[in-house]
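Good morning, and thank you for joining this meeting. I would like to walk you through one protein chain, from its contacts to its annotation.

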Amino acid sequence: MTIAIASGKGGTGKTTIATNLAIVASEKYDSVTLLDCDVEEPNSHIFINGKKIKEEVVNVRIPEVDESLCTECGACSNFCQYNAIVSLKGKPVVFKEMCHSCGGCTLVCQPKAIHEVDHRIGLINFYKSGKINLIEGLLDIGSPLSPPLIGAVKGYESKDTLNIIDAPPGTSCPVIEAIRDADYLILVTEPTPFGLNDLILAVEVSRKLNKKFSVAINRVGSGDDRVHKYCKKENIPIILEIPDDRRIAELYSNGKIILENLPEYKKCFEEVLEKIGTVIQNGQ
Amino acid sequence: MKVAFTSQGNSLDSQFDERFGRAMYFIIYDTDTNETKVLENMAGVESAHGAGISAAKKLVDAKVDALVTGNCGPNAFYVLSENNIKIYLSNAKTVKEAIEEFKNKKLEIASSPTKGGHWR
């Protein structure tokens, strides 16, 4: 089973919820896999104080041209929708940051002058902390394409145990890649106009992807009730409400986990897991 | 010498476009004959990514010697400078005004990209 924690808006508390859920789940299950797919700025490892056990380089395939075979026909350049390979005065030039690794240029090249080579885009770090396996994608600085790295992180989803995905913020390609195969989504938001606006976008995406989902509202009491009203109107369950508690903010800024330090919140996270388990079992 | 000006329309009175890759038109002005020609940049405007690269390729194919625009990103800058096309920067209102500035040697040459890549 895979639960993805997503949000249309950044800074709403995805990592807080993902890491706390992972810890609660690790008390219940034999093993939990936490996949940090927020690859531009992964920070689950700050809260899950694990031991790094391994790292793995992630590459994508980009074209390389053998000029001795190239007939300067321009077929590669005409084919590429991303302008990642462009014929300049006949000679193909590769812009590796633009390449989406579709391999099309190698297929349309009649003289077979194009082959693919590895191009590094980032790393996957593997941490272990008790029963939690934390698998973290870390995009290289300057590398613009996160979906292939997110896909590689998801390759380590465990078939038999609970997986929790900490998704990147927003509603664009990286988010879709992170949540597309999840069994259940928790959309995190905050009770503000910005929170509501971006929640609505995230709800639209979740519905398009035909996902079961619910909403978690963070910092309840800090804003207004428009998110609550929206969820009621749209018949979306609110699975978790975290109050606007200064102690939580202080713990977060010190890289500490809520439920280890404020045990009164533990029950809420346990309930979340239970509710999701029921929903998935009943196929609702 | 053939100089390309980025433009929002297809005439000399059109608004000068400070963008390069996604400018709708290039007005090509020939300093020897005083003639102008219009080059459409529809493919660049519509491309999902790499508009600057595709626009720069268009100017290389059109054999221009210089470009006058408002901004130029790293990939376009690379293609243009590799092909010896000089990049001049202007913030003129109209294409006509930019041509006057160019003729009066009021424009400075860009020695590096003025923007980061939009693919980031």
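Among contacts in chain B between residues at least 6 apart in sequence, half, that is 50%, join residues at least 24 apart. Please bear in mind that we are looking at a predicted model.

Let me turn to the elements of the fold. Chain B contains four helices and six strands. Following the sequence, their order reads β-β-β-α-α-β-α-β-α-β. The radius of gyration of chain B is 13 Å, and the globule rule gives 14 Å for 120 residues; the two are close, so chain B is as compact as a globular protein of that length. Taken along the principal axes, the box filled by the C-alpha atoms of chain B is roughly 40 × 25 × 25 Å.

Next, the surface. How much of chain B counts as buried? The figure is 48% of its 120 residues, where buried means under 20% relative accessible area. The accessible surface of chain B amounts to about 6100 Å², and carbon and sulfur atoms contribute 46% of that area.

As for charge, chain B carries 15 positive and 15 negative side chains. The centres of these two sets are 3 Å apart.

Finally, the annotation. In an unreviewed entry, UniProt lists residues 13-103 of chain B as "domain: Dinitrogenase iron-molybdenum cofactor biosynthesis". In the model, the span of residues 13-103 of chain B is 37% helix and 21% strand. The C-alpha atoms at its two ends lie 17 Å apart.

How values were computed:
Residues are numbered from 1 along each chain as its sequence is written. Chains are lettered from A and ligands numbered from 1 in the order in which they are written. This is a predicted model: local features need pLDDT of at least 70, side-chain atom pairs count only at pLDDT 80 or more; totals for chains, interfaces and linings use all residues. Side-chain values use heavy atoms; hydrogens and water are left out. The radius of gyration is taken over C-alpha atoms; the globule rule is 2.2 Å times the number of residues to the power 0.38. Buried means under 20% relative accessible area, exposed over 50%, partly exposed in between (1.4 Å probe, protein chains only). Contact means heavy atoms within 4.5 Å. Accessible areas come from the Shrake-Rupley method with a 1.4 Å probe; for residues, only the protein chains shown count as cover. Lys and Arg count as positive and Asp and Glu as negative; His and the chain ends are not counted. The place of a charge is taken as NZ of Lys, CZ of Arg, CG of Asp or CD of Glu. UniProt positions are given in the numbering used here, feature names are shortened, and annotations may be inferred rather than shown by experiment.
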